[in-house]
Amino acid sequence: MRRWSILLILSLLFTMPILAQTDTDDWTVWAFEADSGRAFHVTQVGVSLYDVILPIPDTFVTASYAPNISVSPDGTRVAYGVTGVTADNEQVSAFIIYDTALDRILSTYETPNYPIVSSLTFSTVAWNDSGSVVAFAYASGTDETSQAWRIIILNATDARIVTELDNTASYFAEQEELLAPFLLPILQFYNDAILGFNLIPYQTADFSAELLSYEWDVVTGRIIQTNRAPRITGDTLAQTGETISPIVDERVNFDADFTPYTNALHIYRPEIGARAPFFATRTYDLLSAQFVQNGEQVVAYAEDLLTFERTHLLINRNGVLQGLPTLNAVNNRLIGTPDGFAYMADNPTPALLHVDTRDSALPQRLLWSAPDFSRFVPMWVTPRPQEDYNAWIQLAPPIFPTQLIVRTNDSGGIDPDAVPTTAGIGGGSSVITVDSIAIINTTSGDRLNMRNQAGLSGTIIARLDSGTRVVVTDGPISADGFTWWEVRLSTGQVGWVVERAEGVQTLVPGN
């Protein structure tokens, strides 16, 4: 049997919603052990809520679990994958959703082609805010002729396919010569109707090179290429849509004597559609990174370039580094909590521990003692809303994706004829004035390019989502057949945008 054939090819991305809670200090943790299929749910004060062996369909005679599970936003539904053999000696794989409140399997989806590799091997899973819809992906085929990948979004209660995307889509067929063979989608985020994912070459398992990132609008079917998540060793903060990634950035604090090594952490900010470094080091090779303390800080797993010892680094949004106590975590797996992070200590008697990063002393406390010699890892923590975050330091200019402009034939959105108008320059007209508030308006998920000067020759410095509120600071100027206004973002960044394009009023009054 091939190396990957025992793994279920699933990928689910977890979307953190804003939950109504009576006490925002309360949170819980799910932990999972793939060898036994046992899942454990415990509160922050150590009270056990659930302790279950995740059930397997009766059609399976033998079965093994995928390495990861995913839990719905309310903490009651568990999604997981199994592969096994039926009584007819047929190899099968299934994606299962189990409801802990009802104590039964809600739905089972058997993949039509036996998968070769699972994105649940590399990441967790993706739910919508209500926990009624979930996404996963798999790849199949043993040679270049039969290879294929597929992303499916399912109804959680009856396994009905809501929509799907695969390698035969025209967007990817046109890029076939540019893409590596044997690709597997790794889902990165699922925010509203937008599903973000990477395509990784799973046979080579070489994830050190930058990967292609895509955003799929599951409603319109529109796909764009981004540079949001160049590696799968980063993390996305659902509350803000920001993504952190370890990356090589020779522009800042890079020591060529240690090449190759990963010296920087980049933050992708959706409001500008680009990523920039907020931390860089000559001392460590940065292997992975994830959000902790509700997204206020980041923990990076790194290797000392001189001693080759591996350690965890605590870094805030200002790029300030704080050392952490030695963490002997199972599979080096941590999971962020509202006030720090949790991990399973890799001891003969494993323990689920919590580190309070809001306390400068970084105290640790016991949440749960696991069975001797078990291999549980934390998989999920109660999501928490947060409105205000500190700004990220920026060590070098943002890096924008090579593919910046995506056109659409859909001219929906705000009806330009319904916008109050007065005479204006260059054929564009509106009641927009300097020092007023305006709103970006685009259609079909398009983003509006913001440039460093008025005119199409200006450098694109940001790409603005529809609904973004801006302050108009200068204009109007007529250039290249468009009317341009200078606007300022909430981040303080200033640039020029067009007032109207392709029959759509792209900048409309906000008051």
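These are my notebook entries on what I looked up in this structure, which is a predicted model.

**Entry 1: the chain as a whole**

I began with the secondary structure, and I found one helix and 39 strands in the protein chain. I then looked up burial, and of the 511 residues of the protein chain, 55% count as buried. I also looked at how contacts are spread along the sequence: among those in the protein chain with a separation of 6 or more, 55% come from residues 24 or more positions apart.

**Entry 2: nonpolar cores**

I searched next for nonpolar cores, and the largest has 34 residues. The residues with the most contacts inside this core are Leu54, Ile69, Tyr80, Met344, Leu352 and Trp368. I noted a second, separate core of 30 residues, and Ala126, Val133, Ala169 and Leu183 are among its members.

**Entry 3: aromatic rings**

My search of the whole structure for aromatic pairs returned 21 of them. I took up Phe95 and Phe136, whose ring centres are 4.6 Å apart; I list the pair as stacked because the planes stand at 25°, and planes under 30 degrees apart count as stacked. I then placed the two residues along the chain, and the pair turns out to link distant parts of it, with Phe95 in strand 7 (residues 91-99) and Phe136 in strand 11 (residues 133-140), 41 residues apart. Are these two rings buried or exposed? Phe95 has 2% relative accessibility and therefore counts as buried, and Phe136, at 0%, counts as buried too.

I also looked up the pair formed by Phe341 and Tyr343, where the distance is 6.3 Å centre to centre and the angle between the planes is 40°, and this pair is tilted. Phe341 counts as buried at 0% relative accessibility, and Tyr343 counts as buried at 3%.

Elsewhere I found ring pairs that link Trp149, Tyr171, Phe172, Phe197 and Tyr214 into a cluster. One further entry on rings concerns a charge, since the charged end of Arg228 sits over the ring of Phe189, at 4.1 Å from the centre of that ring.

**Entry 4: an open sheet of four strands**

I turned to a sheet that is open and made of four strands, which follow the order 22-23-24-25 with antiparallel pairing. Which strands form its edges? They are strand 22 (284-292) and strand 25 (321-323), each of which pairs on one side only. From one strand to the next, I noted a twist that averages 30°.

I followed the pairing of strand 22 with strand 23 (residues 297-304), and it runs in the antiparallel sense over eight bridges. Leu286 has Ala302 in strand 23 as its bridge partner, while Ala289 stands opposite Ala300 in strand 23. I checked the surroundings of strand 22 as well, and seven of its nine residues are buried, so this strand is largely enclosed by the rest of the structure.

**Entry 5: the hairpin turn**

Strand 22 and strand 23 form a hairpin with four residues between them, and within the turn Gln293 has a positive phi of about 50°. I found that Asn294 lies in the loop between strand 22 and strand 23 and that this residue, although not a glycine, has a positive phi of about 60°. At 11% relative accessibility, Asn294 counts as buried.

**Entry 6: other backbone points**

I kept a general point in mind while reading the backbone: most residues other than glycine have a negative phi, and most peptide bonds are trans. Asn253 has a phi near 50°, a positive value in a residue other than glycine. I placed Asn253 in the loop between strand 19 (242-247) and strand 20 (264-269). Its relative accessible area is 34%, so I recorded Asn253 as partly exposed.

Which two residues does a cis peptide bond join? They are Gly475 and Pro476, with omega at about 0°. I located Pro476 in strand 34 (residues 469-479).

Conventions: Residues are numbered from 1 along each chain as its sequence is written. This is a predicted model: local features need pLDDT of at least 70, side-chain atom pairs count only at pLDDT 80 or more; totals for chains, interfaces and linings use all residues. Side-chain values use heavy atoms; hydrogens and water are left out. Rings of Phe, Tyr and Trp (its six-membered ring) pair if their centres lie within 6.5 Å; planes under 30 degrees apart count as stacked, over 60 as edge-to-face and the rest as tilted. Buried means under 20% relative accessible area, exposed over 50%, partly exposed in between (1.4 Å probe, protein chains only). A charge sits over a ring if NZ of Lys or CZ of Arg is within 6 Å of the ring centre and within 35 degrees of the ring normal. A nonpolar core is a set of buried Ala, Val, Leu, Ile, Met, Phe, Trp, Tyr and Cys residues joined through side-chain atoms within 4.5 Å. Two strands pair if DSSP finds at least two bridges between them. Axes are lines fitted to C-alpha atoms, for helices over the stretch in contact, and angles run from 0 to 180 degrees between N-to-C directions. Contact means heavy atoms within 4.5 Å.
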